[in-house]
Amino acid sequence: MTTGPAIGLARPVRGVKVHSRQTLGACAPTYRKVELDFEPLPSGVDSSITFACTASPERAPEYEESLAAGVLRELAATDAENPEARRSAPVKARVIVRAMSWHWVDTCETVFVRLGALAVREALCCVAEDREPQLVETRVGLSS
């Protein structure tokens, strides 16, 4: 449950990098990398995500949609997958995807949704702790 209206991001956070490593020895499609910038928005403007990058090996609309869903749900504090990780208030930001990498076999939409949420959490930690982004490297599991 969220409380109150969305607050604006206090300052820009550029270069948030999240990376889910491939699960070695398993068939789980968990590989992907993204780099995002987060910008404050003027009052009255809704959160948005822009893809200002070339993806490697090529653009994949289904992965872009999944990344956008994870980012926007986490900004809105409506991610029901992990209620403990949600904040009490939504945050508004303009998100710019600077880099995106995936693999033909070792990537799936679920990983993009979850790492989109991790990128938002890292950006908010940077603002709260007044620091630059740190690489978020993980191995996202596919089970709930």
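This is a short walk through the fold, from its overall layout to its core and two of its loops.

The model you have in front of you is a predicted one. Start with the broad layout: the chain holds two helices and eight strands. If you trace it along the sequence, these elements come in the order β-β-β-β-β-α-β-β-α-β. Of the 144 residues in the chain, 44% are buried. Contacts in the chain with a separation of 6 or more are made mostly by residues far apart in sequence, with 77% of them joining residues 24 or more positions apart. On the outside, the chain exposes about 7,400 Å², and carbon and sulfur atoms supply 53% of that area.

A good place to step inside is strand β3, residues 32–39. Six of its eight residues are buried, so the strand is largely enclosed by the rest of the structure. Let us look at its partners in turn. Strand β2, residues 13–20, pairs with β3 in the antiparallel sense, over six bridges. Within that pairing, Val13 stands opposite Phe38 of β3. Strand β7, residues 94–101, is also an antiparallel partner of β3, this time over seven bridges. Here you can find Glu35 of β3 bridged to Ala99 in β7.

From this strand we can move on to the nonpolar interior. The largest nonpolar core has 32 residues, and those touching the most other members are Leu36, Phe38, Val71 and Met100. At least two residues of this core come from each of β2, β3, α1 (61–76), β7 and α2 (109–129). The element that gives the most is α2, with eight residues.

Leu36 is worth a closer look, as its contacts reach into several stretches of the chain. Setting aside neighbours within four places in sequence, Leu36 touches Val13, Arg14, Gly15 and Val16. Its contacts also include Val95, Ile96 and Val97, together with Leu67, Val71 and Ala119.

Now turn to helix α1. With 16 residues at 1.5 Å a residue, it should span 22 Å, and its end C-alpha atoms are indeed 22 Å apart, so the two values agree. Which residues of α1 are buried? They are Tyr63, Glu64, Ser66, Leu67, Ala68, Gly70, Val71, Glu74 and Leu75. The cover over these buried residues includes the strands β3, β4 (48–51), β6 (91–92) and β7, as well as the other helix, α2.

Just past the end of α1 comes a backbone detail that you may enjoy. Most residues other than glycine have a negative phi. Ala77, which follows α1, has a positive phi near 60 degrees. This alanine is found in the loop between α1 and β6. Is Ala77 buried or exposed? Its relative accessibility is 2%, so it counts as buried, the cut-off being under 20%.

Asp130 offers a companion case after the second helix. Its phi is positive too, near 50 degrees, in a residue other than glycine. Asp130 is found in the loop between α2 and β8 (136–138). Its relative accessible area is 63%, and because exposed means over 50%, Asp130 counts as exposed. Taken side by side, the two loop residues have positive phi values, yet Ala77 is buried and Asp130 is exposed.

Definitions and conventions: Residues are numbered from 1 along each chain as its sequence is written. This is a predicted model: local features need pLDDT of at least 70, side-chain atom pairs count only at pLDDT 80 or more; totals for chains, interfaces and linings use all residues. Side-chain values use heavy atoms; hydrogens and water are left out. Buried means under 20% relative accessible area, exposed over 50%, partly exposed in between (1.4 Å probe, protein chains only). Helices (H or I, at least four residues) and strands (E, at least two) are DSSP runs, numbered from the N terminus. Two strands pair if DSSP finds at least two bridges between them. Contact means heavy atoms within 4.5 Å. Accessible areas come from the Shrake-Rupley method with a 1.4 Å probe; for residues, only the protein chains shown count as cover. A nonpolar core is a set of buried Ala, Val, Leu, Ile, Met, Phe, Trp, Tyr and Cys residues joined through side-chain atoms within 4.5 Å. The expected span of a helix is 1.5 Å times one less than its number of residues.
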